[in-house]
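Biologist: Got a minute to walk me through this one? I'd like the overall picture and then some local detail.

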Amino acid sequence: MKGSIFAFAAVLLSGGCAVSETTSYRDQRATHYRSALVAVLTTDIRVRRLGEAAIVKAMADKKLRGVPSITYVPPTRTLNGPALLAAARAAGLDAILVFRVRRWGSSNRYVPAQYIPGTTTTSLERWGNTTYAVTRTSPGRIEGGYNVSAPWAKYSATLYDARTRKRVWVSQTDSGGNSYTRQRDLFHSAARSVAAALIKDGVM
């Protein structure tokens, strides 16, 4: 099941466990950047505000400096390349990190029903001068017989040099979780994975 970026806003405030894997590539023109303007490309104000804040926090946790673009390019203005470039230069930032939610949805798996028999125990009990063997059996139960839904999402992140306007780093992130995971967890997991990749590749 695929969803739109607008529906994504409704689930960006929930909680759970998620795992992300980021594949990235650093261009030979890239240098080591000290700071970046962070932009989540969407027309949904809530998604953008929460998303940029999540990425900036993930970067800060890794000792990286990120600034949300919504601070300099508010929703009343067009969020595009020239606006981001002007904002980055005005803020004294040397890079622009553009984040996109490519696809998201959920996978369903049926858990077959199975009968779990009860357990039987035998104990010795004494009544007066007589000892009896007493057997007790707990009732059995049925487990399974239901569908489990687990969310997934695909993201991309691109780093641009604010001086040359060249694309110097690209990445793709796949995130997934279990039935307790929400899309918010996937987004935060992806943000942490991207921040770690920026460091691993030596671009920040």
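Modeller: Here is a short chat about the fold as a whole and then one helix and its neighbours.

Modeller: Quick caveats: this is a predicted model, where local features need pLDDT of at least 70, side-chain atom pairs count only at pLDDT 80 or more, and totals for chains, interfaces and linings use all residues. Residues are numbered from 1 along each chain as its sequence is written, and side-chain values use heavy atoms, with hydrogens and water left out.

Biologist: Fine. How many helices and strands does the protein have?

Modeller: Four helices and ten strands. Those are DSSP runs, numbered from the N terminus: helices are H or I with at least four residues, strands are E with at least two.

Biologist: And what radius of gyration does the protein have?

Modeller: It has 26 Å, whereas a compact globule of 204 residues would be near 17 Å. The radius is taken over C-alpha atoms, and the globule rule is 2.2 Å times the number of residues to the power 0.38. Along the principal axes, the C-alpha trace spans about 95 × 30 × 25 Å.

Biologist: What percentage of the residues count as buried?

Modeller: 39% of the 204. Buried means under 20% relative accessible area, exposed over 50%, and partly exposed in between, with a 1.4 Å probe and protein chains only.

Biologist: Switching to helix α3. Which of its residues are buried?

Modeller: In α3, residues 81–90, the buried ones are L84, L85, A87 and A88. They sit on the same side of α3 because they cover an arc of only 165° around the axis. That arc is taken from the directions from the helix axis to the C-beta atoms.

Biologist: What's exposed on the other side of α3?

Modeller: P82 and A90.

Biologist: And what covers the buried residues?

Modeller: The cover includes β2 (35–40) and β4 (95–111).

Biologist: Which residue caps the N-terminal end of α3?

Modeller: N80 does, with a side-chain oxygen 3.0 Å from the backbone nitrogen of A83. Just after α3, G92 takes a positive phi of about 75°.

Biologist: Back to those strands. Do β2 and β4 pair in what sense, and over how many bridges?

Modeller: Parallel, over four bridges; strands pair if DSSP finds at least two bridges between them. Here V40 stands opposite F99 in β4.

Biologist: How many bridges link β4 and β9?

Modeller: β4 and β9 (residues 146–161) pair in the antiparallel sense over 16 bridges. In β9, D161 is the bridge partner of A95.

How values were computed
Contact = heavy atoms within 4.5 Å. Polar contact = N/O pair within 3.5 Å; in protein donor to acceptor, adjacent residues only side chain to side chain.
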